[in-house]
Amino acid sequence: LLASRQASYIQGEIADGTRHLWAKALVLGLGCMILTFLVYPGHSSTRRELKRALRRGQMYLVYQPVVELESGRCIGAEALMRWRQDDGSLVSPAVFIALAEQLQISHLVTERACQIIARELPSVLKTQSDFRIGINLAAQELATHQIVQRLRSLRTHLRLAPSQLVVELTESTLVDADRALPVINQLRANGIALAIDDFGTGYCSLSYLARYPFDILKIDRSFVSAAGTDAIIGPIAEHIVTLSKSMGVQALAEGIETAEQAEHFRRQGVTLAQGYHFAAPMPVAQLLHWLQGPAQMQARQQHTGPSAL
């Protein structure tokens, strides 16, 4: 068909098509440029703001105690990052942790957490030498072995026994299993325990439990609150407890808010728990005061052996 056309006609058609393509490309390019100017500065500004908050000490840690259900003794705590701005307002962890992951600077938040733990935990260890500390990691931190060196240095600095330092991972961090497994194995080889957080709510399959050397399954608070009720998800917590026992992994019930819930899981054979029924997340000074209170002093006196992990 083209061969039957004159060359001048074909060249004209090509020229017209090219002009149309250039016009569309120009419009598309301008649109992308405007979008970049609108979005990128916001990300850049947020990145700078997060780094500034870390540098100026606006981010700090609070600690939520973890207790043995049988004795009520506090055996450790989960370290939780908070961000207080210059005006005194708090930024939700759900917001700034997600932003840190999106902007690829989660390692800076973890680095800050390790610095604070190295400074604050010795005072707690003087009160309770076997105190266990949990720290949360993002998925991107399992991509390199740098986190292994950082946590190994923290454990050495604090002179923690094996399993006194616990890394908490959500199920979403385990999506890239092949990349995460070597780092996880290195953490375990360095005496660092592993907990899977919010178990049952993410992407984890049962094959992950067989593949990853976890020490603790943390039952998500949504299942804890529904346990023993007529809710559809009511039996899930009990199934997780049964699963943990069959695998020789310790179960921890998150979000315990009532004495009835605590007793329910104690009867189920769950050994560890945390939640507002026991204590809210608190600064280290308040944690020390709480640990030295009558209830904890009595629980420690009744303790006859080291806590099993």
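Colleague: Which residues lie nearest the centre of the largest pocket?
Modeller: Glu 78, Leu 80, Pro 93, Ile 97 and Asn 136 do, out of 39 lining residues. A pocket here is an open set of points on a 1 Å grid over the protein atoms alone, with protein on both sides within 12 Å along at least five of seven lines, and lining residues have an atom within 4 Å of a point.

Colleague: Is this a model?
Modeller: Yes, a predicted one: local features need pLDDT of at least 70 and side-chain atom pairs 80 or more, while totals for chains, interfaces and linings use all residues. Numbering runs from 1 along each chain as its sequence is written, and side-chain values use heavy atoms, without hydrogens or water.

Colleague: Which element gives the largest share of that pocket's lining?
Modeller: H2, with 6 residues. Helix H2 covers 93-102; helices are DSSP runs (H or I, at least four residues), strands likewise (E, at least two), numbered from the N terminus.

Colleague: And which others supply at least two residues of the lining?
Modeller: Helix H3 (106-127) does, along with strands E1 (59-68), E2 (74-84), E4 (132-136), E5 (165-170) and E6 (193-199).

Colleague: Switching topic, what lines the largest cavity?
Modeller: There are 15 residues, with Val 66, Arg 132, Val 166, Glu 168 and Ile 216 nearest its centre. In a cavity, a 1.4 Å probe fits but cannot get out.

Colleague: Where does the largest share of that lining come from?
Modeller: From E2, which gives 4 residues. E4, E5 and strand E7 (216-219) each supply at least two to the cavity lining. E2, E4 and E5 also each supply at least two residues to the lining of the largest pocket.
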